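Got your viewer open? Here's a short tour, one selection at a time.

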Amino acid sequence: MIHYECRQGLYPSSNIKRFEVPENKVTWNVEFPEYKPIEYTAALVKGKPWADPEIGEISFKPKWNSIDGKVNRKSYTNDYNIDKNGYPLNPLGRTGIFGRGLLGRWGPNHAADPIVTRWKSNVSGSTEINKDTKKPILQLVAIQRYDSGKWAIPGGMIDPGETVSTTLKREFMEEAMSFLEKSQAEKEELEKCIGKLFERGEEIYKGYVDDPRNTDNAWIETVAVNFHDNDNSVSKNIILKAGDDARNVKWVDIDKNLKLYASHSEFIKKTVLKHNAHW
């Protein structure tokens, strides 16, 4: 996984400029005595029940690289290092920002990304084939994020004690189907419909995410799983409606020109290769 998005310009939703980190100084193994990044943890994170306390608080004794109660502090990559002051270090290196930024946890912040796909149909109902590659066109449910305006996979953070499979289903329903606004009867019907599709997922990626919210001491890792509706039997009944932190939601055609948030384009390319679809 590349380490690029989280080293560029201003930190998201702030006027905090990252300390410039040359490509050859990213890794912690290379000495960089001039490196003096700004410390930044967003006010909306501090003191929240879903977020960690500050490093150094007497009551905060995190168990790094392990399951810490209901909080998973293990990395999907390798064990990460802790510096002399007790701060976890980003396993891919320097980002130009010290602290947590917009992230709730020190160290890895675990997310789950459901990649819901189907074959694009033409007017006659047959699978549409790209005239150049002679391969079928795959479609993806994508949301437009409120924070950046970029299109993305409708994923989100895993709650403490929650399984990855539960998060995948919950995030899709909340962000792409406005689940939280439904009546109880509508929620039950929706869960029944989506449940069939989410019974058969295939893991596409598991690891570090090159996310612009990453810092030297907090970063996002994810599990991306593809749920493919091969015969459109489920997707034809899915009514998309943006919810939670999504501005918009729609089925989008997948090809090499599709630009998505953070590392999501890489996940989609892996999905396309798995289905031998048009790219």
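Start by selecting Asp211, a residue that is buried, with a relative accessible area of 2%. Keep in mind as you go that this is a predicted model. Asp211 counts as buried because its 2% falls under the 20% cut-off. To place Asp211 in the chain, look at the loop between β9 (202–208) and β10.

What does the side chain of Asp211 make a polar contact with? Show the side chain of Tyr261: the two side chains meet in a polar contact at 3.1 Å. Now widen the selection around Asp211. Leaving out residues up to four places away in sequence, Asp211 touches Glu5, Cys6, Ile220, Tyr261 and Ala262.

**Next stop: the nonpolar core**

Select Ile115, Val116, Leu140, Phe172, Ile194, Phe198 and Ile268. These are the residues with the most contacts inside the largest nonpolar core, which has 60 residues. Colour strand β10 (residues 218–229) too, since you'll want to see the element that gives the most to this core, with 7 residues.

Then centre on Phe172. Ignoring neighbours within four places in sequence, Phe172 is in contact with Pro114, Val116, Val141, Pro154, Met177, Ile194 and Phe198. Val116, Ile194 and Phe198 are on that list, and they also appear among the residues with the most contacts inside the core.

Another core, of 8 residues, lies apart from the largest one; pick out Tyr11, Tyr40, Ile97 and Leu102, which are among its members.

**Now the pockets**

Turn on a surface and go to the largest pocket, with a volume of about 1200 Å³. Of the 49 residues lining it, select His110, Gly156, Met157, Ile158 and Arg213, the closest to its centre. For the elements, highlight β3 (71–72), β5 (107–119), β6 (138–145), β8 (156–157) and α1 (164–176), each of which gives two or more residues to the lining.

Which element gives the largest share of that lining? That's β5, with 5 residues. If you colour the lining of the largest pocket by class, you should get 22 nonpolar, 11 polar and 16 charged residues.

Last stop: the second largest pocket, which holds about 300 Å³ of space. To bring up its lining, select Met177, Lys182, Glu186, Glu189, Leu190, Lys192, Cys193, Lys196, Ser233, Val234, Asn237 and Ile239. By class, this lining splits into 5 nonpolar, 2 polar and 5 charged residues. You've met Met177 before: this lining residue is also one of the contacts of Phe172.

Methods: Residues are numbered from 1 along each chain as its sequence is written. This is a predicted model: local features need pLDDT of at least 70, side-chain atom pairs count only at pLDDT 80 or more; totals for chains, interfaces and linings use all residues. Side-chain values use heavy atoms; hydrogens and water are left out. On a 1 Å grid over the protein atoms alone, a cavity is a set of points where a 1.4 Å probe fits but cannot get out, and a pocket is an open set with protein on both sides within 12 Å along at least five of seven lines; lining residues have an atom within 4 Å of a point. Grid points are joined across faces, edges and corners, and a volume is the space filled by probe spheres set on the points. Helices (H or I, at least four residues) and strands (E, at least two) are DSSP runs, numbered from the N terminus. Ala, Val, Leu, Ile, Met, Phe, Trp, Tyr, Cys and Pro count as nonpolar, Asp, Glu, Lys and Arg as charged, and the others, Gly among them, as polar. A nonpolar core is a set of buried Ala, Val, Leu, Ile, Met, Phe, Trp, Tyr and Cys residues joined through side-chain atoms within 4.5 Å. Buried means under 20% relative accessible area, exposed over 50%, partly exposed in between (1.4 Å probe, protein chains only). Contact means heavy atoms within 4.5 Å. A polar contact is a pair of N or O atoms within 3.5 Å; within protein, one must be able to donate a hydrogen and the other to accept it, and residues adjacent in sequence count only if both atoms are side-chain atoms.
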